[in-house]
Amino acid sequence: MMQMFEANQALLAGIVLLVVFVVWWVWGRTKPAPKKREYTDVLSEGAEKAARNNALIDAPSAAAMVTPPPVVIPSPGAGTLAGIGEVVAAAATVEIADAVPVVPVGEDLGRIKGVGPKLKALLTSLGVTSYAQIAAWTEEDIAKINAQLGTFAGRPTRDNWVEQAKLLAGGDKAAYEAKFGKV
């Protein structure tokens with residue numbers, strides 16, 4: 001075996017050099033540094049302001065653009081159209097009052113275990129705003145509500161909302177905490 005190594009020293013040296021070169025090629029070369037891209041944005045220092053954003057910021061608000069209706073002073077002998085301005089103003093006032101959404105004020109339904117923010121909003125949209133309403137639910141009421149809860153169906157029964165609501169509506173905090181945990 002030694003004789004074979006002595007006879008082929010040049011070949012072995014070439015193989016060793018080839019292996020060293022391959023190892024250097026794979027691991028030893030320095031990789032070029034990645035090119036840094038320069039991003040120019042409206043938030044970059046020295047960049048021009050965005051025209052669209054400035055137009056929106058500098059524009060007057062919609063509330064400032066609303067002008068009060070002109071006052072119509074009927075002239076003598078104007079006939080049947082004398083009070084039309086007052087009628088239109090009264091109708092507009094009623095229409096605006098009807099357009100304002102009425103948010104029912106109720107109890108914090110989030111205190112019931114199993115009712116999170118989404119369920120609380122969903123119950124409010126269904127008209128459920130107090131513990132007394134939930135405490136008065138029958139099996140039929142629960143079935144109707146379950147049909148409207150979508151992915152939350154079954155939660156009123158599983159989390160025992162009616163019993164929790166009865167205790168919360170009655171103000172029995174000690175009994176509630178003993179059965180369901182801290183409020």
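In this predicted model, Trp-137 makes contacts well beyond its own stretch of sequence: with neighbours within four places set aside, its partners are Leu-123, Val-128, Ile-142, Ile-145, Pro-156, Trp-161 and Val-162. Two of these partners, Leu-123 and Trp-161, reappear together with Trp-137 in the largest nonpolar core, a group of 20 residues in which Ile-112, Leu-123, Ile-134, Trp-137 and Trp-161 touch the most other members. Several helices share in building this core, with at least two residues coming from each of α6, α7 (131-135), α8, α10 and α11. The top contributor is α10, which provides five residues. As a general backdrop, nonpolar side chains in soluble globular proteins tend to be buried together.

It helps to set this core against the chain as a whole. The protein chain has eleven helices and zero strands, so that, read from the N terminus, its elements run α-α-α-α-α-α-α-α-α-α-α. Of its 183 residues, 14% are buried. The accessible surface amounts to about 14,800 Å², and carbon and sulfur atoms account for 64% of that area. As for the reach of the contacts, among those between residues at least 6 apart in sequence, 44% join residues at least 24 apart.

Helix α8, one of the contributors to the core, spans residues 139-148 and also holds Asn-146. This residue is buried, because its relative accessible area is 17% and the limit for burial is under 20%. Beyond its neighbours within four places in sequence, Asn-146 is in contact with Ala-153, Gly-154, Arg-155, Pro-156 and Thr-157. Pro-156 is thus a partner of Asn-146 and also of Trp-137.

Attention can now turn to the charged residues. Side chains of opposite charge can pair when their charged atoms come close, and a search of the whole structure yields three salt bridges. One of them joins Lys-120 to Asp-108, with 2.9 Å between the closest N and O atoms. Lys-120 belongs to helix α6 (residues 117-125), whereas Asp-108 sits in the loop between α5 (84-99) and α6, so this bridge ties together parts that are twelve residues apart in sequence. Both ends of the bridge are partly exposed, Lys-120 at a relative accessible area of 33% and Asp-108 at 39%.

A further salt bridge links Asp-159 with Arg-155, and here the closest N and O atoms are 2.9 Å apart. Arg-155 has already been met as a contact of Asn-146. Asp-159 is partly exposed, since its relative accessible area is 21% and burial requires a value under 20%.

The remaining bridge pairs Glu-163 with Lys-179, at 2.7 Å between the closest N and O atoms. Glu-163 lies in helix α10 (residues 161-170) and Lys-179 in helix α11 (residues 173-180), so the pair ties together parts that are 16 residues apart in sequence. The helices α10 and α11 are also both suppliers of the nonpolar core. The two ends of this bridge fall into separate accessibility classes: Glu-163 counts as partly exposed at 27% relative accessibility, while Lys-179 counts as exposed at 51%.

Aromatic rings complete the picture. A pair of rings is described by the distance of the centres and the angle of the planes, and the count here comes to five aromatic pairs. One of these is formed by Phe-21 and Trp-24, whose rings are tilted, with 5.9 Å from centre to centre and 35° between the planes. The two residues are three apart in helix α2 (residues 9-28), which means that about one helical turn separates them. Phe-21 is partly exposed, with a relative accessible area of 45%, and Trp-24 is likewise partly exposed, with 44%.

Another pair consists of Tyr-176 and Phe-180; their ring centres are 5.3 Å apart and the planes meet at 40°, so this pair is tilted too. Both residues lie in helix α11, four residues apart, or about one turn of the helix. Tyr-176 is buried, with a relative accessible area of 0%. Back in the region of helix α2, Phe-21 and Trp-24 are joined by Trp-25 in one aromatic cluster.

Conventions
Residues are numbered from 1 along each chain as its sequence is written. This is a predicted model: local features need pLDDT of at least 70, side-chain atom pairs count only at pLDDT 80 or more; totals for chains, interfaces and linings use all residues. Side-chain values use heavy atoms; hydrogens and water are left out. Buried means under 20% relative accessible area, exposed over 50%, partly exposed in between (1.4 Å probe, protein chains only). Contact means heavy atoms within 4.5 Å. A salt bridge is a side-chain nitrogen of Lys or Arg within 4 Å of a carboxyl oxygen of Asp or Glu. A nonpolar core is a set of buried Ala, Val, Leu, Ile, Met, Phe, Trp, Tyr and Cys residues joined through side-chain atoms within 4.5 Å. Rings of Phe, Tyr and Trp (its six-membered ring) pair if their centres lie within 6.5 Å; planes under 30 degrees apart count as stacked, over 60 as edge-to-face and the rest as tilted. Accessible areas come from the Shrake-Rupley method with a 1.4 Å probe; for residues, only the protein chains shown count as cover.
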